[in-house]
Amino acid sequence: MAERILIVDDAAFMRMMVKDILTKNGYEIAGEAEDGQKAVEIYKDTQPDLVTMDITMPEMDGITALKEIKAHNPNAKVIMCSAMGQQAMVVDAIQAGAKDFIVKPFQADRVIEAIQKALS
């Protein structure tokens with residue numbers, strides 16, 4: 001069975017890009033969320049194998065959502081997505097339990113590499 005991945009980003013275009021990369025590589029999309037609050041709700045409902053989480057979002061940012069997901073499931077696998085220049089936030093995310101991070105604009109091979117590493 002294909003691994004199920006929850007895609008979280010406030011930009012629909014970015015979610016579409018990640019979804020395209022993942023489906024072409026045989027992953028199943030567990031759901032999509034445009035903010036951290038929805039991400040936490042969808043995570044609890046679907047229990048995906050992995051989450052790709054944008055850092056900067058309205059309502060609830062990715063690091064707060066990461067912490068809530070980790071509180072719900074300490075074994076949750078989350079990869080953070082950040083724009084260039086968010087290094088300090090990436091460090092916070094790794095300390096909060098993120099498995100890895102990918103930088104926008106996404107390189108398909110880097111996305112798949114990070115996901116395979118986090119799932120193994």
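Start by selecting Thr-52 and Ile-79: Ile-79, in strand 4, is the bridge partner of Thr-52. Helices (H or I, at least four residues) and strands (E, at least two) are DSSP runs, numbered from the N terminus. Before moving on, note that this is a predicted model, in which local features need pLDDT of at least 70, side-chain atom pairs count only at pLDDT 80 or more, and totals for chains, interfaces and linings use all residues. Residues are numbered from 1 along each chain as its sequence is written, and side-chain values use heavy atoms, leaving out hydrogens and water.

**Stop 1: strand 4 and its partners**

Now show strand 3 (residues 50-54) beside strand 4: the two run parallel and are joined by 4 bridges. Two strands count as paired if DSSP finds at least two bridges between them. Add helix 3 (residues 62-72), and you have a right-handed β-α-β unit made with strand 3 and strand 4. Right-handed here means that, with the strands pointing away from the viewer, the path from the first strand over the helix to the second runs clockwise.

Next, bring in strand 5 (residues 100-103), which pairs with strand 4 in the parallel sense over 4 bridges. Met-80 stands opposite Phe-101 in strand 5, and Ser-82 has Val-103 as its bridge partner there.

**Stop 2: inside strand 4**

Which way do the side chains go? In a regular strand they alternate between the two faces of the sheet. Here Val-78, Met-80 and Ser-82 point one way, while Ile-79 and Cys-81 point the other. Since 5 of the 5 residues of strand 4 are buried (under 20% relative accessible area; exposed is over 50%, partly exposed in between; 1.4 Å probe, protein chains only), the strand is largely enclosed by the rest of the structure.

Zoom in on Ser-82, in strand 4 (residues 78-82). Its relative accessible area is 2%. Leaving aside neighbours within four places in sequence, Ser-82 is in contact (heavy atoms within 4.5 Å) with Ile-55, Val-90, Phe-101, Ile-102, Val-103 and Lys-104.

**Stop 3: the whole sheet**

Zoom out and colour the strands: the open sheet has 5 strands in the order 2-1-3-4-5, with parallel pairing. Strand 2 (28-33) and strand 5 are the edge strands, each pairing on one side only. From one strand to the next, the twist averages 20 degrees; axes are lines fitted to C-alpha atoms, for helices over the stretch in contact, and angles run from 0 to 180 degrees between N-to-C directions.

**Stop 4: helix 5**

Select helix 5 (residues 108-119), which packs on the sheet and touches strand 1, strand 3, strand 4 and strand 5; its direction makes about 175 degrees with that of strand 5. Its buried residues are Val-111, Ile-112, Ala-114, Ile-115, Ala-118 and Leu-119. Seen down the axis of helix 5, these fall within an arc of 160 degrees, so they line one face of the helix; the arc is that of the directions from the helix axis to the C-beta atoms. They pack against strand 1, helix 1 (12-24), strand 3, strand 4 and strand 5. Rotate to the face turned away from the buried side to find the exposed residues Asp-109 and Lys-117.
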